[in-house]
Amino acid sequence: MAFTGGLVAQETVTLDPDAILIGDRPQAHVLLVGTFHFGYPGLDAHKTAELDRVDVLSPQRQKEMAELAEVIMRFRPNKIAMESQGEWLMAEYRTHKAERSPLGRNEYYQIGFRIMDMAGIDTLYTVDADPLVNDLYAGPDSLLHRPWLDSLYVGWDWGGEDAISKRYTELYKRQDLFERDHTLLESFLTLNDDHMLDRGFGAYLHGGFELSDQRGADILSLHWYNRNLRIFRNIQEITTSPEDRILVLFGAGHMGILKHLFECSPQYKLVRLSELAKQ
């Protein structure tokens, strides 16, 4: 113990939870790849102007796609989880393999199927989920739940006219321009930057979230947050070994929540796209 200026200088003592929760046990590795939707289906709250859309099938963008795929392959995935439900996407992959058909425009094909081909993965996992609110609307007790749910959603929207929501609208427009003017790898590194993902989730904490009587908080819990919790649970269910290396391909809007969930679970070690790009 050292004495300095009459004060006792002591070493800070902390308890490391990972020494107990993880120790030297292997962890399943996860790479989150948040993407914009290559086909621009117009289903999200923000819609990209046609002049600012990226044509991923152009010769130049295909070269950039190969560069992005090479970086993702440094992760050495043995499983891939995608933003879909049901068996249809696996059926499409079997057709693609059997007919050696060219890859379509959607990110399912351009990234998902491409990585499956490169990594020799023969199975994909569709791990998307409907939120709890859908179950309440359509379930056996829906007549009981619907009046409350209908009153909950009065005046609600994803965005809003508040000052912060308007700034998010400006951010989304800037993102469109960035993706238009930069390579796919540069765009994906930006989309998947930790701070960008955290701020992306912040959009859900304004606009409709600020409805009176806690309604916005309840909607977020039942709807968007619950959907992502269910997605995480689906990924847990396909994790069969600590040797798993799971590539998770979803719209970037999901990744703020998913990143936090994977960071909190001692079952997983999260790998960043930026780490792979530096190798």
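Is E275 buried, partly exposed or exposed? Keep that in mind as you select residues, and remember throughout that the model on your screen is predicted.

Begin by selecting E275, which you will find in helix α12. With a relative accessible area of 40%, E275 counts as partly exposed, because that class lies between the 20% limit for buried residues and the 50% limit for exposed ones. If you now add R245 to the selection, you have two residues that are 30 places apart along the chain, and their C-alpha atoms are separated by 15 Å.

Next, select K79, which is placed in strand β4, a strand covering residues 79-82. The relative accessible area of K79 is 9%, and K79 is therefore buried, since the limit for that word is 20%. Show the side chains of K79 and D244 together, and you can look for the polar contact of 2.9 Å that joins them. Once neighbours within four places in sequence are set aside, the residues in contact with K79 include I121, Y125 and I238, as well as the run D244, R245, I246 and L247.

Now turn to the largest nonpolar core, which has 36 residues; the members that touch the most others are I72, M82, I111, L124 and F188. Among the elements that each supply at least two residues of this core are β3 (28-35), α2 (59-73), β4 and β6 (245-251). Which helix gives the most to this core? Select α4 to see the answer, for α4 contributes six residues. In soluble globular proteins, nonpolar side chains tend to be buried together.

Stay with this core for a moment and select F188, whose contacts, not counting residues up to four places away in sequence, are V33, G34, T35, F36, F38, L68, I111 and L273. Apart from the core that you have just explored lies another one, made of 25 residues, and A28, L32, I231 and M255 are among them.

For the last stop, select helix α10 (residues 215-238) and helix α11 (residues 255-264), whose axes come within 10 Å of each other and cross at roughly 50°. Because of that angle, α10 is described as oblique to α11. The crossing of these two helices is right-handed. To view the contact itself, show W224, Y225, N228, L229, I231, F232 and I235 on the side of α10, and then I257, L258, H260, L261 and F262 on the side of α11.

Note on methods: Residues are numbered from 1 along each chain as its sequence is written. This is a predicted model: local features need pLDDT of at least 70, side-chain atom pairs count only at pLDDT 80 or more; totals for chains, interfaces and linings use all residues. Side-chain values use heavy atoms; hydrogens and water are left out. Helices (H or I, at least four residues) and strands (E, at least two) are DSSP runs, numbered from the N terminus. Buried means under 20% relative accessible area, exposed over 50%, partly exposed in between (1.4 Å probe, protein chains only). A polar contact is a pair of N or O atoms within 3.5 Å; within protein, one must be able to donate a hydrogen and the other to accept it, and residues adjacent in sequence count only if both atoms are side-chain atoms. Contact means heavy atoms within 4.5 Å. A nonpolar core is a set of buried Ala, Val, Leu, Ile, Met, Phe, Trp, Tyr and Cys residues joined through side-chain atoms within 4.5 Å. Axes are lines fitted to C-alpha atoms, for helices over the stretch in contact, and angles run from 0 to 180 degrees between N-to-C directions. Angles under 35 degrees count as roughly parallel, over 145 as roughly antiparallel, 65 to 115 as roughly perpendicular and the rest as oblique. A crossing is left-handed if the near helix is turned anticlockwise from the far one by less than a right angle, and right-handed if clockwise.
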